[in-house]
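I opened the model to look up a few helix packings, a strand pair and some backbone details. My entries follow the display.

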Amino acid sequence: LAAIIVIGGLIWSQLDREPSPIEPEVGEGPLEVHVVSALPVADWVQEAAHQFNAEQHTLEGRPIQVMVTPMDGLTAKGRYERDELDPLPTAWIPDSRYLVELVNAAYKERLGRDVFLTDGEYRARPLGISLLTWGIYDSRAGVLEEGYGDISWNTIHDAAVAPGGWGELGGEPDWGYFKLAISNPRKNISGLAAMVAAAGEYFDRTNISVEDVTDPDFQAWLQEIMSSMSDLSGGTYTVADLALFGYTTGDAGQLLESDLLVNMQGIQTRWADPLRIVYPEYVTWFDFPFTVWMGPETTALEKNAALVFEEFLLSEGVQQQALAYGLRPANPSVPVTGEGSLFDQWAAQGVLGVVPRTTAMRSPDRDVLQALLRWFDLNVAGR
């Protein structure tokens, strides 16, 4: 009797049990790779993504679909830190590696772990190189070089504070006052980097501290320069404004080399006065690293699919295409010169395939950036 009771209970328990949920099948549908890209490389990355998708690349039998969202590096940094990116990108291509380091530091403080890696197969890898250079109209460059020497932040400062404008500087009186063209530091990382480069030249060193940027003498010097900025309402693509509106936008500015090269044809077409490129002593480099998000929000397959697209961007053919966007290839097998190279096309305007030995600015920390932006908000943006 006891045996019958036990056997009956076992049978009943089996009949009463809920059926086990069926696990979703792995391997159905495309692997979606969402990429947020810095604005200076967005057109190149989007073109590469269209080509990549058309070639129907796969991983473990599943097609890979890449989607690219253009976004300024400072904007993306803020949205990462405020958890405002939805869906969370599989990969990020910021303007510079130090933006990755700043976001990673913020997450590590909050989560106790890295969300972007600095070594291994998922490490941040540069896709292309550019740098801040001086872009100045040839007529203006001739006047400043004759009266003040090489184009530099100190030369620009002297031009900015001349009470008699260009007439006093040795140019034509109807040129008006000197106008500086840099991107708005609140809207574009290159504008903020230009302020850092100005500090480097002022203090004659590559590493800038909070004590430096809060120095009253430096702030007074920088404000005299920044007061000559012609317009702060836009700020995303100042070089495009130079091409469209000429001298009304600015006489000179420290701007991204790739942007200057891409817009050089428009400047040559619209204006009789060509733009000249001059390389500064204190250089700020941009390496546009491909950075894979390592959090649990994306699957291992999605992360690996991002690496497949990264390898595609670093392939010789796609790196060759980067030359048409004014970018210096990160793949050492691809020369800066050659077919489709803007460096060859505009060599007469001062563009150099090989940048002479210069002093590279070190990446500022978060406190320095915040101090500069706070000063800008109080003394320039609200004027």
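In which sense do strand S6 and S7 pair, and over how many bridges? I found S6 (residues 128-137) and S7 antiparallel, with five bridges; two strands pair if DSSP finds at least two bridges between them. Helices (H or I, at least four residues) and strands (E, at least two) are DSSP runs, numbered from the N terminus.

I note the provenance here: this is a predicted model, in which local features need pLDDT of at least 70, side-chain atom pairs count only at pLDDT 80 or more, and totals for chains, interfaces and linings use all residues. Residues are numbered from 1 along each chain as its sequence is written, and side-chain values use heavy atoms, with hydrogens and water left out.

Strand S7. I looked at residues 252-256 and found five of the five buried. Buried means under 20% relative accessible area, exposed over 50%, and partly exposed in between (1.4 Å probe, protein chains only). Opposite Gln254 in S7 stands Trp134.

Helix H3. I checked residues 73-81 and found H3 mostly covered, with seven of its nine residues buried. These are Gly73, Leu74, Ala76, Lys77, Gly78, Tyr80 and Glu81. I listed what covers them, including strand S1 (31-37), strand S4 (91-93), helix H4 (97-111), helix H8 (189-203) and H16.

H8 against H16. I read a crossing of roughly 100° for the two axes, which come within 11 Å. Axes are lines fitted to C-alpha atoms, for helices over the stretch in contact, and angles run from 0 to 180 degrees between N-to-C directions. H8 is therefore roughly perpendicular to H16; angles under 35 degrees count as roughly parallel, over 145 as roughly antiparallel, 65 to 115 as roughly perpendicular and the rest as oblique. Leu192, Met195 and Val196 of H8 make the contact with Leu369, Leu372, Leu373, Trp375 and Phe376 of H16. Contact means heavy atoms within 4.5 Å. I sorted the contact residues by class and got eight nonpolar, no polar and no charged. Ala, Val, Leu, Ile, Met, Phe, Trp, Tyr, Cys and Pro count as nonpolar, Asp, Glu, Lys and Arg as charged, and the others, Gly among them, as polar.

H10 against H16. I looked up H10 (residues 216-226) and H16 (residues 366-381): their axes lie 11 Å apart, at an angle of about 55°. H10 is thus oblique to H16. In H10, Gln219, Leu222, Gln223 and Met226 meet Trp375, Phe376, Asn379 and Val380 of H16. By class, I have five nonpolar, three polar and no charged residues for this contact.

Asp95. I placed Asp95 in the loop between S4 and H4. Is Asp95 buried or exposed? Asp95 has a relative accessible area of 2%, so I entered it as buried. Leaving out residues up to four places away in sequence, Asp95 touches Ala38, Pro40, Asp72, Gly73, Ile189, Phe286, Asp287, Phe288 and Pro289.

Backbone details. I found a cis peptide bond from Asp86 to Pro87, with omega near 0°; Pro87 lies in the loop between H3 and S4. Gln56, not a glycine, has a positive phi near 60° and sits in the loop between helix H2 (39-54) and strand S2 (58-59). Gln56 counts as exposed because its relative accessibility is 62%. Asp204, also not a glycine, has a positive phi of about 60° and lies in the loop between H8 and helix H9 (210-213). I entered Asp204 as exposed, at 55% relative accessibility.
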